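Work through the exercises below with the sequence and the structure side by side, and try each task before reading its solution.

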Amino acid sequence: ILAEGDRIPADAVLVSCTNLSVDESLLTGESLPVRKVAVKAGSSYELARPGGDNLPFVYSGTLVIQGQGIAQVQAIGSNTEIGKIGKALQRLEPEQTALQKEMARLVSNLALVGLSLCAVVIIVYGLTRGDWLKGFLAGITLAMAILPNEFPVVVTIFLALGAWRIAQKQVLTRRVPAVETLGSATVLCVDKTGTLTLNQMSVQQLCVWNSEYRYSTEQSSNTYDLNLHEREPLPESVHELVEFSILASHLHPFDPMEKAFKQLGDRYLAQTEHLHYDWKLLREYPLSPQLLAMSQVWQTSNGDNCVIAAKGAPEAIADLCHFHPSQKQVLAAKVSQMANEGLRILGVAKASQADPPPSSVPPHPSFSANCLPDGQHDFAFEFLGLVGLADPVRPTVAEAIQECYSAGIRVMMITGDYPATAQNIARQIGLMQMGEIMTGAELDRIDDAELQRRIEGVNIFARVVPEQKLRIVKALKANGEIVAMTGDGVNDAPALKAAHIGIAMGGRGTDVARESAALVLLDDDFSSIVQAVKLGRRIFDNLRKAMAYLLAIHVPIAGMSLFPVLFKLPLVLLPVHVAFLHLIIDPACSVVLEAEPAEANIMNRPPRNPKEPVFGRKNLGLAIFQGLGILVIILAIFVISLYRGQGELDARALTFTTLILANLGLIVSDRSLTRVNIATLKSPNPAFWWVMIGGMVFLWMVLYIPFLRHLFGFSILHPIDLVICLVAGVLCIFWFELLKIISRKNGSSYHFGNARR
């Protein structure tokens with residue numbers, strides 16, 4: 001047994017109903033409620049897919065907006081339409097991101113190399129010099145220099161802090177790997193209802209019919225567009241139209257359209273004589289399949305008059321007003337014009353009855369419902385005009401769409417609504433329509449291979465059901481796209497889970513959608529997606545910087561651990577030295593570079609090519625060359641100091657000091673891969689200054705505090721020695737800064753690899 005406000009508990013077939021309308025947006029994505037009819041006695045039926053008016057089927061999870069009905073249950077639990085979506089979710093397995101795959105490969109390879117070289121150093125040192133203890137220390141030092149212990153930590157910290165930063169933009173991260181994938185998204189699949197729109201009806205246009213029942217397109221004053229005049233008071237000419245649209249609705253409406261009428265009246269007609277909360281409702285004439293109009297009879301506050309308000313399909317209201325053919329022709333033209341703008345149109349009419357039939361006059365002063373006629377046609381209705389309603393677009397969507405295009409992200413609309421409605425919304429938000437609008441029926445007629453071919457030229461999908469949304473996402477993935485999918489209904493859950501990045505609405509979204517998504521928009525603001533994409537790109541850029549820095553600084557550390565062993569020179573680095581270096585390296589790669597602001601062109605370049613490795617050959621080559629440049633210079637400092645006979649302690653102190661200064665310079669240089677050192681120093685980053693100042697203070701302590709100096713095996717450095725180390729440290733990064741300048745003059749960017757175009 002169904003009544004207004006009920007959440008339907010099962011898939012069922014209606015055996016009887018009265019004026020029943022159901023909101024099926026949970027399953028279909030259609031923003032408007034659909035009318036239901038009962039199945040005819042003796043007829044056969046088969047439960048069909050949800051969507052469309054005048055069908056005898058109701059579905060689990062949908063909401064009764066209006067009317068009553070009795071239905072026979074056909075399916076419950078996992079056999080319902082909503083249950084089938086649950087089954088589809090169980091079959092979808094989450095995929096590893098490109099970063100996860102590449103990081104596992106990189107760590108395993110470096111670990112294998114590090115352990116192998118460690119064993120070689122221990123054996124070579126022990127056999128050639130006979131000192132197995134120092135050989136063991138040299139092997140441990142080399143292992144500490146090469147083993148990739150920082151890489152998993154850096155990835156974890158970057159993604160965790162990235163999730164925190166994105167949360168500050170009102171986007172909740174439910175699956176941390178999505179933070180990395182977000183910046184490389186190439187396609188954004190957008191669900192219309194509740195994502196691009198507010199999923200609530202509002203009055204957009206009021207068309208007043210003149211007293212002579214004629215309408216002329218030259219008479220622009222007859223139409224009032226609320227989109228153009230939303231901040232101005234309503235003109236007096238449309239007050240009566242709004243007044244009777246409210247009188248034709250329930251006092252406490254549940255229907256979205258009736259709610260829209262009430263909101264319009266509360267906003268514009270408050271403190272006027274057009275709102276009648278003291279009138280008494282005498283009778284309601286419900287909508288029926290034979291006459292798609294409803295009327296309500298009100299007794300005025302003084303009790304001596306009845307006012308009748310009617311609303312419904314324009315042709316039904318015209319029938320009640322006994323329009324002649326020419327009037328119907330004019331009405332049809334206006335209705336067609338408003339429908340082309342994507343509006344849902346209702347007609348409004350009024351009537352009055354001051355003198356009830358003498359045979360049934362009740363005692364004065366009140367009228368009675370018994371004195372009213374049996375049908376709506378018995379009233380002398382006067383046509384007042386047309387009301388155009390729509391599910392309004394979110395205010396920030398159009399700007400966000402354009403930012404997506406600037407960032408090279410393709411935007412696709414996938415909706416359960418009709419093609420005309422989808423196309424109208426697309427025009428409002430500036431969505432590029434590359435070609436045809438594909439419907440769900442067309443999707444059913446083509447196979448997956450054909451869909452993969454045609455999807456490159458389609459940006460709008462209409463009348464789509466949940467299984468088809470999933471097919472669309474899979475087709476895009478098969479074409480090599482990185483797919484982000486937004487949605488809020490149960491019907492979106494399989495596609496949200498299948499997409500690389502599922503983005504659910506937090507305010508209006510269903511629990512099923514939020515559980516399936518990787519990201520949740522806490523404020524339901526579409527523009528938050530663009531901010532999240534920007535942050536995702538920034539996080540990915542900074543992660544590359546951190547990885548480049550780690551590889552670069554480990555090259556000289558590994559080289560200075562291995563070189564003295566191979567050439568029978570005094571050891572430069574011991575485990576204590578490498579541990580000291582990590583006091584600078586670890587916060588630099590995990591905190592300093594993570595906090596770096598975004599590059600200036602971050603949202604004016606195409607997304608990264610999905611097939612390109614996270615840390616490709618070009619990036620790897622630059623990092624290794626950076627490290628080799630530092631290695632050559634500090635190795636020269638070490639060899640020259642030994643050649644001059646300064647001794648092991650002097651050589652170690654000079655070499656280590658140069659390495660520390662080169663390390664700090666490398667941090668400055670890698671803060672930006674496009675800006676030179678001086679420009680990066682102006683960027684706000686408190687963690688950077690803490691690391692720089694802390695590194696210098698710790699270096700002074702190990703050089704000039706006797707206990708620490710003895711522990712590190714150093715001698716005292718004189719001012720001239722410090723100048724030599726400083727000059728050598730600057731030379732270590734000079735060539736890389738020069739490369740930045742040359743690259744910028746050529747208008748190229750060398751660090752982002754192959755962009756997708």
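**Exercise 1. Locate H322, and decide whether its side is buried or exposed and what its phi shows.**

Step one is to place the residue: H322 sits in the loop that runs between α10 (314-320) and α11 (325-339). Step two is the accessibility, and since the relative accessible area of H322 is 52%, and exposed means over 50%, H322 is classed as exposed in this predicted model. Step three is the backbone, where H322 shows a positive phi of about 55° although it is not a glycine.

**Exercise 2. Find Q170 and work out its phi and its exposure.**

Begin with the surroundings: Q170 belongs to the loop between α5 and β6 (171-173). The phi of Q170 is near 70°, which is a positive value in a residue other than glycine. For the exposure, the relative accessible area is 35%, and because the partly exposed class lies between the limits of 20% and 50%, Q170 is partly exposed.

**Exercise 3. Which residues does L172 touch, and how many residues along the chain separate L172 from A518?**

L172 is part of strand β6, and with 39% relative accessibility it counts as partly exposed. Leaving aside residues up to four places away in sequence, L172 touches A518, L519, V520 and L522. One of these partners, A518, is 346 residues away from L172 along the chain, and yet the two C-alpha atoms are separated by 8.5 Å.

**Exercise 4. Describe how helix α5 and helix α19 are arranged, and which classes of residue make their contact.**

First take the geometry: the axes of α5 (residues 150-168) and α19 (residues 527-566) come within 10 Å and cross at roughly 160°. Angles over 145 degrees count as roughly antiparallel, and α5 and α19 are therefore roughly antiparallel to each other. The handedness of this crossing is right-handed.

Next list the residues. From α5 the contact takes in E150, F151, V154, V155, F158, G162, R165 and I166, and these meet A532, L535, R538, I539, N542, L543, A546, M547, L550, L551 and H554 of α19. Sorted by class, the residues of this contact are 13 nonpolar, three polar and three charged.

**Exercise 5. Carry out the analysis for helix α21 and helix α22: what is their packing angle, and which residues make the contact?**

The helices α21 (residues 617-643) and α22 (residues 648-670) pack at an angle of about 160°, and their axes are 9 Å apart. That angle makes α21 roughly antiparallel to α22. The crossing of α21 and α22 is right-handed.

On the α21 side the contact is made by Q626, I630, I634, I637, F638, S641 and L642, while α22 contributes A651, L654, T655, T658, L659, A662, L666, S669 and D670. By class, the contact of α21 with α22 has ten nonpolar, five polar and one charged residues.

**Exercise 6. Is T300 buried or exposed, and which residues does T300 touch?**

T300 is placed in the loop between β11 (293-299) and β12 (306-312). Its relative accessibility is 12%, and because buried means under 20%, T300 counts as buried. When residues up to four places away in sequence are not counted, T300 touches W279, N305 and V307.

**Exercise 7. For P235 and L711, state the location, the exposure, and the C-alpha distance to Y268 and V576 respectively.**

P235 is in the loop between β9 (223-225) and α8 (239-247), and its relative accessible area of 28% makes it partly exposed. From P235 to Y268 the separation is 33 residues in sequence and 9.7 Å in space, C-alpha to C-alpha.

L711 is in helix α25 (residues 706-712), and with a relative accessible area of 46% L711 is partly exposed. L711 and V576 are 135 residues apart in sequence, and their C-alpha atoms are 8.4 Å apart in space.

**Exercise 8. Summarise the whole chain: how many helices and strands are there, and what share of the residues counts as buried?**

The protein chain has 26 helices and 20 strands. Of its 757 residues, 55% count as buried. Among contacts between residues at least 6 apart in sequence, 73% join residues at least 24 apart. Finally, the accessible surface of the protein chain is about 32700 Å², and 60% of that surface belongs to carbon and sulfur atoms.

Notes
Residues are numbered from 1 along each chain as its sequence is written. This is a predicted model: local features need pLDDT of at least 70, side-chain atom pairs count only at pLDDT 80 or more; totals for chains, interfaces and linings use all residues. Side-chain values use heavy atoms; hydrogens and water are left out. Axes are lines fitted to C-alpha atoms, for helices over the stretch in contact, and angles run from 0 to 180 degrees between N-to-C directions. Helices (H or I, at least four residues) and strands (E, at least two) are DSSP runs, numbered from the N terminus. Angles under 35 degrees count as roughly parallel, over 145 as roughly antiparallel, 65 to 115 as roughly perpendicular and the rest as oblique. A crossing is left-handed if the near helix is turned anticlockwise from the far one by less than a right angle, and right-handed if clockwise. Contact means heavy atoms within 4.5 Å. Ala, Val, Leu, Ile, Met, Phe, Trp, Tyr, Cys and Pro count as nonpolar, Asp, Glu, Lys and Arg as charged, and the others, Gly among them, as polar. Buried means under 20% relative accessible area, exposed over 50%, partly exposed in between (1.4 Å probe, protein chains only). Accessible areas come from the Shrake-Rupley method with a 1.4 Å probe; for residues, only the protein chains shown count as cover.
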